[in-house]
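Colleague: Could you take me through one part of this model slowly, and then show me what surrounds it? I'm new to this, so please explain the terms as you go.

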Amino acid sequence: MISGGVDLFLEMLAAERAAAPNTLAAYEADLTSCAESLAREGQTLQTATTEGLQNWMAALVGSGQARRTVARRLSCIRQFYLFLLREGMRADNPAAHLDSPKPRTPLPRFLSESEVLALLNACAEPDGASLPKKRRGILAKAALELLYASGLRISELLALPRKAVAGDQRMIMVRGKGGRERLVPLSDSAREAAQALLEVDAHLESAFLFPGRDPAKPMTRQAFDRILHTVAIRAEIDPARLSPHVLRHSFATHLLAHGADLRALQMLLGHADIATTQIYTHVQTERLQKAVQAHHPLAADSAHTK
């Protein structure tokens with residue numbers, strides 16, 4: 001079904017670009033897929049129109065293929081028609097104005113409110129646990145409370161100085177990306193958890209709220225990940241679903257779900273551009289849909305007639 005310059009194109013890739021056998025096989029498969037789609041419209045690779053190529057791409061997207069896969073196939077087609085144009089086998093390039101599929105922005109992963117509560121409860125060590133284990137539980141509780149109550153990034157959390165939570169602090173100063181500083185509120189439960197950590201670490205000479213093995217340095221991200229993994233298992237939450245950033249997403253998602261303003265959330269998260277914060281509006285959309293279903297008179301009528 002495919003010829004019309006395909007063999008010459010593949011030979012060029014092998015000779016001039018030293019393309020690997022797997023790459024050549026993938027390109028041949030891409031061209032075969034395109035040729036089969038064109039054949040259903042009475043076209044060939046040699047006679048393809050831009051519309052014919054667009055229909056092929058639409059079929060790929062419609063079949064559920066990953067956008068990255070579609071983009072790779074489009075790259076192959078573009079290279080193929082540039083080759084035909086350069087070799088004088090076509091007088092035009094039907095792939096010149098084909099658009100790459102836009103990458104889908106993934107929605108943030110977050111935990112439910114009950115799952116966050118289960119995590120916090122799982123930090124407590126059983127009665128009779130050794131002092132090191134008790135300290136680890138106190139540290140985990142302080143870290144999770146701060147991450148969830150303030151939406152901190154893990155780098156911001158681990159860099160917190162002790163003085164940030166000393167005394168009856170209601171706000172803490174955080175230095176975020178680009179050295180930008182912001183004030184974030186400290187909830188009562190987060191403050192109490194941080195104070196408990198300060199008490200158990202009173203003997204340590206460290207400037208950090210979360211000191212590492214060397215008290216002169218903050219805890220490493222890897223060390224915190226191990227603690228988080230243990231707490232997740234205790235809470236019966238898949239550790240693969242949990243990370244410091246998931247807790248940050250949970251903070252933002254739950255705030256919006258309870259009516260927080262998007263601009264205020266931007267300030268709390270330390271986003272330079274509100275467009276970054278708008279990824280959380282999927283929650284607001286869901287709330288609006290539920291509000292219409294619950295309160296709109298026509299929606300109510302339709303519900304009663306079912």
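Is Gln-266 buried or exposed, and what is its relative accessible area?

Modeller: Gln-266 is buried, with a relative accessible area of 8%. (Buried means under 20%, exposed means over 50%, and partly exposed is in between, using a 1.4 Å probe and protein chains only.) Before going on, two bits of housekeeping. This is a predicted model, where local features need pLDDT of at least 70 and side-chain atom pairs count only at pLDDT 80 or more, while totals for chains, interfaces and linings use all residues. Residues are numbered from 1 along each chain as its sequence is written, and side-chain values use heavy atoms, with hydrogens and water left out.

Back to your residue. You'll find Gln-266 in helix α11, which covers residues 262-269. (Helices are DSSP runs of H or I with at least four residues, strands are E runs of at least two, and both are numbered from the N terminus.) Leaving out residues up to four places away in sequence, Gln-266 touches His-271, Ala-272, Asp-273, Ile-274 and Thr-277; a contact here means heavy atoms within 4.5 Å.

Two of those neighbours lead us to a pocket. His-271 and Ala-272 are among the residues lining the second largest pocket, together with others including Arg-153, Lys-177, Arg-180 and Tyr-280. On a 1 Å grid over the protein atoms alone, a pocket is an open set of points with protein on both sides within 12 Å along at least five of seven lines, a cavity is a set where a 1.4 Å probe fits but cannot get out, and lining residues have an atom within 4 Å of a point. The volume of this second largest pocket is about 170 Å³, where volume is the space filled by probe spheres set on the points, which are joined across faces, edges and corners. Helix α10, residues 244-257, gives the most to its lining, with 3 residues. Sorted by class, the lining has 3 nonpolar, 5 polar and 4 charged residues. (Nonpolar covers Ala, Val, Leu, Ile, Met, Phe, Trp, Tyr, Cys and Pro; charged covers Asp, Glu, Lys and Arg; the others, Gly among them, are polar.)

Now look at the largest pocket, at about 550 Å³. It has 21 lining residues, and the closest to its centre are Arg-135, Pro-211, Arg-213, Met-219 and Ala-223. Helices α6 (131-150) and α9 (221-234) are the elements that give two or more residues to this lining. The largest share, 5 residues, comes from α6. The class split here is 11 nonpolar, 4 polar and 6 charged.

Those two helices turn up again in a closed space. Searching the whole structure finds 1 cavity of 30 Å³ or more, with a volume of about 60 Å³. Among its lining residues are Cys-123, Glu-125, Arg-136, Ile-227 and Arg-234. Again, α6 and α9 are the elements that give two or more residues to the lining, and here the largest share, 4 residues, comes from α9. By class, that lining has 4 nonpolar, 2 polar and 3 charged residues.

Next, the charged side chains. There are 15 salt bridges, each being a side-chain nitrogen of Lys or Arg within 4 Å of a carboxyl oxygen of Asp or Glu. Try Asp-188, which pairs with Arg-170, the closest N and O atoms being 2.8 Å apart. Asp-188 sits in helix α8 (residues 188-200) and Arg-170 in the loop between α7 (154-158) and β1 (171-175), so the pair ties together parts that are 18 residues apart in sequence. Both ends are partly exposed: Asp-188 at 43% and Arg-170 at 44%. Asp-188 also forms a salt bridge with Arg-191, at 2.7 Å from N to O. Those two are 3 residues apart in helix α8, so about one helical turn separates them. Arg-191, at 10%, counts as buried. Through shared partners, Asp-168, Arg-170, Asp-188 and Arg-191 become one network.

Finally, compare your glutamine with another buried residue, Ser-33, at 17%. Ser-33 lies in helix α2, residues 21-39. Its side chain makes a polar contact with the side chain of Arg-73, at 3.2 Å. (That's a pair of N or O atoms within 3.5 Å; within protein, one must be able to donate a hydrogen and the other to accept it, and residues adjacent in sequence count only if both atoms are side-chain atoms.) Not counting residues up to four places away in sequence, Ser-33 touches Trp-56, Leu-60 and Arg-73.
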